[in-house]
Amino acid sequence: MSDTPSAESSLLAPRHWPTWAALGALRAVTWLPFPVALAIGRALGNIAYWLAPRRRRIARINIDLCFPERDARERQVLVRRHFASIGMGVIETAMSWWAPTEKILRQVEWAGLEHFEAARAQGQGVMLVGAHFTDLEIAGQPLAARMDLHVMYRPHENPVIERAMSASRTRRYGKAIPRHDTRGLLRSLREKHVVWYASDQNYGHKGSVFAPFFGIPAATNTSTSRIARLTGAPVVPFFSARLPGSSRYLLEFQPVLDDFPSDDVGADATRINGLIEGFARRFPEQYLWVNRRFKDRPDDGPRFY
């Protein structure tokens, strides 16, 4: 976005005032102690549960599909907990934009750092492969404090929010790479940087295979395999989660994927999905169930949404 006077003036137009007010309120919340701020987030999530019926329906469908072993009441409770987790994620996003790094680092528990160090010792760039969990944004700041982290991102449609996000990305990360800039991603890895990447959203049939996720065929992007093959970068699964009953966060590196990529992109996609599923089962309310993960179906089969 241009920083010309006309662009600046457009951001101050009356239609953007509610967004500026919301951002101001969120920034004020970042001064509160973590438990208090997260309690506000839970309240926001509970309100969103009632105000977002379409997203509530998508989350319920996904959870019904992925947890058939749970009874209807347990699944409904999980939907409610998921919206509370989304609300906390909004507060955590604000924390990642404006809270001091030291404040966030005090809340972090690291696991598996030896796996990251082993990957780094190979002398290549490192590809951290993760997924979309509700605490995603707040995990970036501790990572960036440890390493020159390059991240993939999707520009926000609201220009005021995009401006706030852009300022945070510029300040926190070594480089922010637009989602469709594959050349930029390859360049960062070839220059031996650490790149965070997620491939767990449904982008349609192009560049995807159907691989099981919670036992359901899901359109899964094969870019992880292709990028690893083109760059030789070791792939390290990395996930983060809000620890239950606390305001602390687990940042977990898992072992470097051996024999990856293989000669079978479908097998690679299944492997990545299995890792994401494993972490989502540990923290089920924190995976982003409001996305239409199973939007595309094999052979144009019956639609879920």
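Biologist: In this predicted model, what is the handedness of the crossing of α10 and α11?

Modeller: The crossing of α10 and α11 is right-handed. That word is used if the near helix is turned clockwise from the far one by less than a right angle.

Biologist: Why are α10 and α11 called oblique to each other?

Modeller: Helix α10 (residues 182–190) and helix α11 (residues 223–231) pack at about 45 degrees, with axes 10 Å apart. Angles under 35 degrees would count as roughly parallel, and 65 to 115 as roughly perpendicular. An angle of about 45 degrees falls in neither class, and α10 and α11 are therefore oblique.

Biologist: Which residues make the contact of α10 with α11?

Modeller: From α10 come L185, L186, L189 and R190, and from α11 come I227, L230 and T231. They divide into five nonpolar, one polar and one charged.

Biologist: What makes α3 oblique to α5?

Modeller: The axes of α3 (residues 34–51) and α5 (residues 72–98) come within 7 Å and cross at roughly 130 degrees. Roughly antiparallel needs over 145 degrees, while roughly perpendicular covers 65 to 115. Roughly 130 degrees lies outside both ranges, which makes α3 oblique to α5. Their crossing is right-handed.

Biologist: Which residues make the contact between α3 and α5?

Modeller: In α3 they include F34, L38, L44 and W50, and in α5 they include F83, M88, I91 and M95. The residues of this contact divide into 14 nonpolar, five polar and three charged. Among them, G41 and G45 of α3 and G87 of α5 go into the polar class, where Gly is counted.

Biologist: How do you know that R60 and D64 form a salt bridge?

Modeller: The side chains of R60 and D64 meet at 2.9 Å, N to O. The cut-off is within 4 Å, and 2.9 Å satisfies it. Side chains of opposite charge can pair when their charged atoms come close. R60 and D64 are separated by about one helical turn because they are four residues apart in helix α4 (residues 53–66). The structure holds 10 salt bridges.

Biologist: Why do β6 and β7 count as paired strands?

Modeller: Pairing needs at least two bridges. Six bridges join β6 (residues 208–213) to β7 (residues 216–221), so the pairing criterion is met. The two strands run antiparallel, and A211 stands opposite A218 in β7.

Biologist: What is the phi of F214 in the hairpin of β6 and β7?

Modeller: F214 takes a positive phi near 55 degrees, in a hairpin with two residues between the strands.

Definitions and conventions: Residues are numbered from 1 along each chain as its sequence is written. This is a predicted model: local features need pLDDT of at least 70, side-chain atom pairs count only at pLDDT 80 or more; totals for chains, interfaces and linings use all residues. Side-chain values use heavy atoms; hydrogens and water are left out. Axes are lines fitted to C-alpha atoms, for helices over the stretch in contact, and angles run from 0 to 180 degrees between N-to-C directions. Contact means heavy atoms within 4.5 Å.
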